[in-house]
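Me: Hi! Could you help me get to know this structure? I'm new to this, so plain words please.

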Amino acid sequence: MSNIKSIGFVSYPVKDMARAKKFYEEIIGLTPSPDFNSTSEDWAEYLIGDSALSLGKMEGWEPTTQGPSMALEVEDFDAMITKLKSASVVFTIEPMKLPTCQMAVIQDSEGNGVLIHKLK
């Protein structure tokens, strides 16, 4: 039996914290966690439902499109895709409709893969 209760948070490496915060706050629409000092130049956190996304700037930790990716479940898939395309966000996998969902994979401002997702 596992002692693990939940995923504490997902964390992505960033090279430029100001650029990454702008991407996640202004383009994706996340709000910084009120429980965390949002003026940090090395770490940021965003509450998403019962989970959290953190951004970290640390030597030796580099962004990648090839590592694990976070899936952001959105309320309005088409509106989010339109917003991302109008902001010239890079799509690694263009929007697609599958039997159970709609999804696309984008790159954040640092080059990390992020899945945009909507269950049917």
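Reply: Happy to; we can talk about the sheet and then the aromatic rings. Keep in mind that this is a predicted model.

Me: Cool. In what order do the strands of the sheet come?

Reply: The order is 1-3-2, in an open sheet of three strands with mixed pairing. Strand 1 (10-13) and strand 2 (43-48) are the edge strands, so each of them pairs on one side only. On average, neighbouring strands are turned by 20° against each other, direction ignored.

Me: And what holds paired strands together in general?

Reply: Backbone hydrogen bonds do that, and the pairing can be parallel or antiparallel.

Me: Which sense do strand 2 and strand 3 use?

Reply: Antiparallel, over six bridges, with strand 3 covering residues 51-56. As an example, Glu-45 has Ser-54 in strand 3 as its bridge partner.

Me: New topic: how many aromatic pairs are there?

Reply: A search of the whole structure finds three. One of them is Phe-9 with Trp-43, an edge-to-face pair at 6.3 Å centre to centre and 90° between the planes. This pair links distant parts of the chain, 34 residues apart: Phe-9 is in the segment before strand 1, and Trp-43 is in strand 2.

Me: Is Trp-43 buried or exposed?

Reply: Trp-43 counts as buried because its relative accessibility is 18%, and the cut-off for buried is under 20%. Phe-9 is partly exposed, at 46%.

Me: Which residues form an aromatic cluster?

Reply: Phe-23, Tyr-24 and Tyr-46 form one.

Me: Last one: what lies over the face of Phe-91?

Reply: That's Lys-85, at 4.8 Å from the ring centre.

Note on methods
Residues numbered from 1 in each chain as written. Predicted model: local features only at pLDDT ≥ 70, side-chain atom pairs only at ≥ 80, totals over all residues. Heavy atoms only, no water. Pairing = 2+ DSSP bridges. Helix = DSSP H or I, 4+ residues; strand = E, 2+ residues; numbered from the N terminus. Axes fitted to C-alpha atoms, helices over the stretch in contact; angles between N-to-C directions. Phe/Tyr/Trp six-rings, centres within 6.5 Å; stacked < 30°, edge-to-face > 60°. Buried < 20%, exposed > 50% of the residue type's maximum accessible area, 1.4 Å probe, protein only. Lys NZ or Arg CZ within 6 Å of the ring centre and 35° of its normal.
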